[in-house]
Amino acid sequence: MDGIGFERVGAMERFDVVVVGAGVFGAWTALHFTRRNNRVLLLDAYGPGNARASSAGESRIIRMGYGEDEIYTRWSQKSLAQWKEFFGFARPGLFRETGVLWLGAEGDARVRDTAATLTRCGVAFEELDRAALQKRYPQICLDGIATGLLEPESGVLMARRAVAAVVEDAIFRGVEYRVAEVVTPDASQGAGTGTLTSVRTRGGEVFEAEHFVFACGAWLGKIFPEVLGERIFPTRQEIYFFGVPAGDLRFSPAALPTFLFQGDETYGMPDLEGRGFKIAFDRHGVRVDPDTQSRIVTEEAAEEVRSYVGRRFPALGGAPIVETRVCQYENTSNGDFLIDRHPTIGNLWFVGGGSGHGFKHGPAVGEYVTRRVLRGTDGEGRFSLQTKEKVQHRAVF
Ligand SMILES: Cc1cc2nc3c(=O)[nH]c(=O)nc-3n(C[C@H](O)[C@H](O)[C@H](O)COP(=O)(O)OP(=O)(O)OC[C@H]3O[C@@H](n4cnc5c(N)ncnc54)[C@H](O)[C@@H]3O)c2cc1C
């Protein structure tokens, strides 16, 4: 240990759990640990739902449908119940029940598989044929669309504020929270026992704990380059908000649900809180560094989105872009989450790989991590490190 570390040993603080990263995964993990009476320290380099984090957006979709992937449908169900309970009467408006409308071509396999899974899981939904869609949503151009599936009880989480609320509640319940950047842990700690005893911040503070959870989103590969550098793929994603015509209610939540166009690889939502009609492509952008990537949209991408919006939503042709966001997905090779131990440090956990669909699952992720760490319950194979490859072949959406 160097001189600085040695001097600080006397002041070293000990916790049951240190959670690094206060995005949606880390925030809910800290909350679940503290609800189980653990002494928790939550650290974040920039702050909960900060502008560089994947959890930073104004809004994130919460849908139950996942094609055949029943595990994520069940986690969405569990998570929606927890989000609603958490928001309760104290935080109205952080969940907006806009409904989520899936739109697909004739015989779209994903819409069909989603209907089957939702039926098995007891999720309410409505199937709409082309005529019904046309009648109900005349503001959408349905070229190439033959089938729709509406989840009426799903909707939108007001993401950035929701994460801040979870951290605030965790602090209220006793979690200690600090802004600090944690450096890569020294894997040789514990003299070959495979146990980490402490983490250190860039500023030299040292924190001891029984367990360490690294919920660092797109940064996981930067902190653990040897293990995760090639297994987490951070990609640039641009989001656009279009100003709706003055006094026009066709794009309000009462008239337009949150929507997912299967063939177009686009999603969006109605004009919430007057921010504008939101739309984005779900295709993976180029690989980026979450600390330094430009947060300014490119003119080419803006032009592509403008032209798409004009085609699918003709009343918004020529509408101004009133706000933009540039974020990153923190993808695993196929889109399954990564929730597993470090390969050689048994009390260090990786929690991440939200892969563009993780936000909604924050409550279920936190609960799962807490159970695995405290009770040693068996892990779900799909979330294991072993299944994370170095080449991308996206399969979970
Ligand atoms: C454009 C976009 C649209 C999306 N849409 C949806 C959607 O509609 N529905 C949905 O469910 N999901 C969606 N997602 C995915 C979802 O937002 C993410 O999967 C989720 O927010 C990831 O949360 P996280 O906590 O893992 O990571 P993050 O939110 O990135 O949090 C990681 C935190 O770790 C901190 N950190 C990193 N390194 C360190 C360090 N060394 N020391 C201390 N702190 C550190 C960072 O500051 C950050 O706050 C979308 C994502 C994007 C980018």
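A polar contact here is a pair of N or O atoms within 3.5 Å. One such pair joins Asn 50 and the ligand: a polar side-chain atom of Asn 50 sits 3.0 Å from a ligand oxygen. Keep in mind that this is a predicted model, where local features need pLDDT of at least 70, side-chain atom pairs count only at pLDDT 80 or more, and totals for chains, interfaces and linings use all residues. Residues are numbered from 1 along each chain as its sequence is written, and side-chain values use heavy atoms, with hydrogens and water left out.

**Ligand contacts**
- The backbone joins in too: a polar backbone atom of Phe 25 is 3.1 Å from a ligand oxygen, and a backbone N or O atom of Ser 54 is 2.9 Å from a ligand oxygen.
- Taken alone, the ligand exposes 1000 Å², and the protein buries 98% of that (Shrake-Rupley method, 1.4 Å probe).

**The shell around the ligand**
- There are 36 residues around the ligand (a heavy atom within 4 Å), and Asp 44, Ser 55, Ile 61, Cys 327 and Glu 330 come nearest.
- By class, that's 18 nonpolar, 13 polar and five charged residues, with Gly counted as polar and Cys as nonpolar.
- Strand E16 (321-331) gives the largest share, four residues; helices are DSSP runs of at least four residues, strands of at least two.

**A small-print sheet**
- Three strands form an open sheet in the order E3-E8-E4, paired antiparallel (pairing takes at least two DSSP bridges).
- E3 and E4 (95-96) are the edge strands, each pairing on one side only.
- Arg 96 stands opposite Val 156 in E8.

Conventions: Polar contact = N/O pair within 3.5 Å; in protein donor to acceptor, adjacent residues only side chain to side chain.
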